[in-house]
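Here is a quick tour of the empty spaces, the charged pairs and one helix. Keep the viewer open as you read.

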Amino acid sequence: EVQKTAGDKLAFYRNKGVSSYNFISWNQKADKAPWLASKEVRQALWYGLNVKTIVDKVVLGYGHQVYAHTPQASWAYDDTGFTKYDYSIDKAKALLEKAGAKMGTDGIYRWTDGKPMAMRIETNSGNNVRETIVQIAQEQYKAIGIKIEPLLESFPALLDRLKPQVTDTEGIVLGWSLGLDPDMYSIWHSSQNGKNQFNSVHYANPVADKAIESGRNGPDCSVPARKKAYAAVNKALNEDAPYTFLYSGDSIVFAS
């Protein structure tokens with residue numbers, strides 16, 4: 001709209017978002033969705049969502065997919081060895097079955113305990129972007145045999161439910177706004193899952209923990225050493241899929 005009305009008066013600048021991204025978190029200690037503890041299931045949820053469609057519909061293409069925690073604009077970014085999780089219903093179903101799920105006659109998978117794989121994805125009401133993501137996820141996960149129940153609530157209520165001690169959550173659509181330093185201790189270290197801490201999905205990986213500690217505390221705190229450490233963390237996050245990492249919106253600026 002700005003380009004239509006003032007395009008001849010304002011220069012347009014588009015840059016990659018520096019320090020934020022959106023995601024669907026998966027609670028690995030969810031009471032009602034024990035399958036979220038399975039890495040294969042979480043990977044299936046990533047393959048089963050067409051993130052490109054989300055970028056095109058939600059931000060009209062003004063964004064880029066992300067595959068781990070560190071933003072592309074960061075000096076610590078390194079996507080060597082990343083799985084890009086291109087949308088594939090077949091891969092998603094194969095991973096669900098590898099994890100032990102069996103398809104029911106109603107088109108919904110049953111978990112190893114025989115219960116239908118139905119769960120909630122929740123986000124804050126009134127946020128059109130996130131509500132649209134939930135809607136798309138509901139439609140696309142049905143195609144891989146997982147039933148999604150949307151839950152929209154106030155932002156304060158959502159934050160209360162995002163605490164690690166709350167196990168009555170499954171998936172949550174949210175976003176991080178990060179600082180410029182790539183330290184990710186408070187979000188991903190396994191020790192940070194206590195009251196009012198940020199590892200709400202109960203992610204725990206000894207290799208990632210060690211790399212996070214090395215990047216934070218050294219003893220070698222040079223840029224190359226820290227970059228190597230955070231590359232190891234991001235590789236683990238990309239493999240373990242504690243989130244379905246979605247996209248980072250572009251920074252859009254008009255200037256006279």
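What follows goes through the pocket, the cavities, the salt bridges and helix H5 in turn.

**Open and closed space**

Keep in mind that this is a predicted model. Rolling a probe the size of a water molecule over the atoms shows where empty space is left. Start with the largest pocket, which has a volume of about 230 Å³. Its lining is made up of 13 residues, and the closest to the centre are Leu-159, Leu-162, Leu-174, Trp-176 and Phe-198. By class, the lining of this pocket splits into 7 nonpolar, 4 polar and 2 charged residues. Helix H6 (155-161) and strand S8 (171-177) each give at least two residues to that lining, with S8 providing the largest share, 3 residues.

Now for the closed spaces. Searching the whole structure turns up 2 cavities of 30 Å³ or more. Here is how the two compare on volume and lining:

| Cavity | Volume | Nonpolar lining residues | Polar lining residues | Charged lining residues |
|---|---|---|---|---|
| Largest cavity | about 50 Å³ | 4 | 5 | 3 |
| Second largest cavity | about 40 Å³ | 6 | 4 | no charged |

Around the largest cavity you'll find, among others, Ser-25, Asn-27, Arg-161, Leu-162, Lys-163, Glu-170 and Ser-200. The second largest cavity is lined by Gln-65, Val-66, Tyr-67, Ala-68, His-69, Thr-70, Pro-71, Gln-72, Tyr-77 and Phe-82.

Leu-162 is worth a click, being one of the residues closest to the centre of the largest pocket and also part of the lining of the largest cavity.

**Charged pairs**

Side chains of opposite charge can pair when their charged atoms come close. How many salt bridges does a search of the whole structure find? The count is 16.

Lys-39 and Glu-239 make one of them, at 3.0 Å from N to O. This pair ties together distant parts of the chain: Lys-39 sits in helix H2 (residues 39-47) and Glu-239 in helix H9 (residues 223-240), 200 residues apart. Lys-39 is partly exposed, with a relative accessible area of 28%, and Glu-239 is also partly exposed, at 28%.

Two more bridges bring back residues from the lining of the largest cavity, Arg-161 and Lys-163. Lys-163 pairs with Asp-160, with the closest N and O atoms 3.7 Å apart. Lys-163 counts as partly exposed at 27% relative accessible area, and Asp-160 as partly exposed at 45%.

Arg-161 bridges to Asp-168 at 3.8 Å, N to O. Is Arg-161 buried or exposed? Arg-161 has a relative accessible area of 17%, so it is under the 20% cut-off and counts as buried. Its partner Asp-168 is partly exposed, at 27%. Salt bridges with shared partners join Arg-161 and Asp-168 with Lys-32, Arg-120, Glu-122, Glu-153 and Glu-170 in one network. Glu-170 is another residue that lines the largest cavity.

**Helix H5**

Helix H5 (residues 128-143) has 16 residues, so at 1.5 Å a residue the expected span is 22 Å; the end C-alpha atoms lie 23 Å apart, which agrees. At the start of H5, a side-chain oxygen of Asn-127 comes within 3.2 Å of the backbone nitrogen of Val-129. Along the helix, Arg-130, Ile-133, Val-134, Ile-136, Ala-137, Gln-140 and Tyr-141 are buried. Just after H5, Gly-145 has a positive phi of about 90 degrees.

Definitions and conventions: Residues are numbered from 1 along each chain as its sequence is written. This is a predicted model: local features need pLDDT of at least 70, side-chain atom pairs count only at pLDDT 80 or more; totals for chains, interfaces and linings use all residues. Side-chain values use heavy atoms; hydrogens and water are left out. On a 1 Å grid over the protein atoms alone, a cavity is a set of points where a 1.4 Å probe fits but cannot get out, and a pocket is an open set with protein on both sides within 12 Å along at least five of seven lines; lining residues have an atom within 4 Å of a point. Grid points are joined across faces, edges and corners, and a volume is the space filled by probe spheres set on the points. Ala, Val, Leu, Ile, Met, Phe, Trp, Tyr, Cys and Pro count as nonpolar, Asp, Glu, Lys and Arg as charged, and the others, Gly among them, as polar. A salt bridge is a side-chain nitrogen of Lys or Arg within 4 Å of a carboxyl oxygen of Asp or Glu. Helices (H or I, at least four residues) and strands (E, at least two) are DSSP runs, numbered from the N terminus. Buried means under 20% relative accessible area, exposed over 50%, partly exposed in between (1.4 Å probe, protein chains only). The expected span of a helix is 1.5 Å times one less than its number of residues. A polar contact is a pair of N or O atoms within 3.5 Å; within protein, one must be able to donate a hydrogen and the other to accept it, and residues adjacent in sequence count only if both atoms are side-chain atoms.
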